[in-house]
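Got your viewer open? Let's take a walk through this one together, one selection at a time.

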Amino acid sequence: MASGIHSHPDGARGISLGVVIVNYQTYDLTMRCVASLLDRGIAEPAHIVVVDNDSPDGSGARLHSDLPAGVVTLLSGRNGGFGAGVNLGVTALNTELVLVLNPDTYFESNRMDVIRQMFHDSPKMGVAGLKLVNPDGSLQYSARRFYSLVDILARRTMLGKIGPLRQLERSHLLTRKWRQPSQTPFFEADWVMGTGFVVRRTAFEQVGRMDEGYFLYFEEVDLCARMWIEGWQVVAVPGVALVHDHQRSSAAGILSRAGKTHLRSMARFFAKFGVPWLQRPSRARMAAALARWQASQHGRAPVTEPQHGG
């Protein structure tokens, strides 16, 4: 379907866009997010899918009852993690583009015309990450380079305050890219944060959708890595802002539940794409590592349940 976006009979304006939001005990935030989508005319109700990952607080049933008429609510019946929720939501849509949002986000303006035009003009664009901003308007640097272990040290330890590693962190976060003038409305990134991104449906299906072997964290890094390996472009869009009222848990201590989940996801990503020690990995090296990992998985049962709790 989406492979014909660049030759759409109605041009960029005719490209269909759906929205997936995964809820887990975030009733108020999800209601606000959906309200912003409808108030700004970003998507029609029938193209908004809220997936509830078996929230124990009953918020899924409340959302099913309270969301505006036409908005689709899916009660998954299990908490398979963020990626599993996204996959369910995408399956329920029949749109050419899918906007994936965290519940703790909302729009203050509608610039989806920019997104539609980008995907229309660039037939190999697979993923476009939005400009994430805090409620006060400050930038969250939501586009990144792939990790080396030195990058992780710079990001997660006090070593990142030292001069050379501070520069490395800025490079990893692509800080200059957000400020530099560009001839296009986007710049290339290795990966973009899963908090708010648009994906071309045909690309999403071709690369194998979200890997449900991750419960939380790194699933968007994995998706973007597979996009690049399969020849799809991953970009960030400075002109399309999304407010992220940050509900961050991965910054918790390493021994916390969230910290352990983050480490497990990191280990899965490195098992699939290789462990880069001092230098960031090339896409060719990542493709070779992924091929070896896939060969090692041959004959194993597919992941149908999360490998850890969240």
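Which residues do ring pairs link into a cluster? Select Tyr 147, Trp 191, Phe 218, Phe 269, Phe 270 and Phe 273, and you have the cluster on screen. Keep in mind as you look around that this is a predicted model. The structure holds six aromatic pairs.

**Stop one: a pair of rings**

Hide everything in the cluster except Tyr 147 and Trp 191, which form one of the aromatic pairs. Their ring centres are 5.9 Å apart, and the planes make an angle of 35°. That counts as tilted, because stacked planes are under 30 degrees apart and edge-to-face ones over 60.

Now colour the chain by position and find where each partner sits. Tyr 147 is in the loop between β7 (143-144) and α5 (149-156), while Trp 191 belongs to strand β9 (residues 191-192). The two are 44 residues apart, so this pair links distant parts of the chain.

Are these two rings buried or exposed? Tyr 147 has a relative accessible area of 11%, so it is buried. Trp 191 is at 3%, which means it counts as buried too. The cut-off for buried is under 20%.

**Stop two: a covered helix**

Next, select helix α9, residues 219-229. How many of its 11 residues are buried? The count is 10, and the helix is mostly covered. Click through the buried ones and you'll meet charged names as well as nonpolar ones; among them are Glu 219, Asp 222, Leu 223, Arg 226 and Trp 228. Then step past the end of the helix to Gly 231, which follows α9 and has a positive phi, near 90°.

**Stop three: two helices side by side**

Move to helix α1 (residues 27-39) and helix α2 (residues 59-66). They pack at an angle of about 30°, with their axes 10 Å apart. That angle makes α1 roughly parallel to α2, and the crossing is right-handed.

Which residues make the contact? On the α1 side, show Tyr 27, Thr 30 and Met 31; on the α2 side, show Ser 59, Arg 62, Leu 63 and Asp 66. Sorted by type, the residues of this contact come out as three nonpolar, two polar and two charged.

**Last stop: zoom out**

Show the whole chain as a cartoon. You should find 11 helices and 11 strands. Of its 310 residues, 52% count as buried. Among contacts with a separation of 6 or more, 79% come from residues 24 or more positions apart.

Conventions:
Residues are numbered from 1 along each chain as its sequence is written. This is a predicted model: local features need pLDDT of at least 70, side-chain atom pairs count only at pLDDT 80 or more; totals for chains, interfaces and linings use all residues. Side-chain values use heavy atoms; hydrogens and water are left out. Axes are lines fitted to C-alpha atoms, for helices over the stretch in contact, and angles run from 0 to 180 degrees between N-to-C directions. Helices (H or I, at least four residues) and strands (E, at least two) are DSSP runs, numbered from the N terminus. Angles under 35 degrees count as roughly parallel, over 145 as roughly antiparallel, 65 to 115 as roughly perpendicular and the rest as oblique. A crossing is left-handed if the near helix is turned anticlockwise from the far one by less than a right angle, and right-handed if clockwise. Contact means heavy atoms within 4.5 Å. Rings of Phe, Tyr and Trp (its six-membered ring) pair if their centres lie within 6.5 Å; planes under 30 degrees apart count as stacked, over 60 as edge-to-face and the rest as tilted. Buried means under 20% relative accessible area, exposed over 50%, partly exposed in between (1.4 Å probe, protein chains only).
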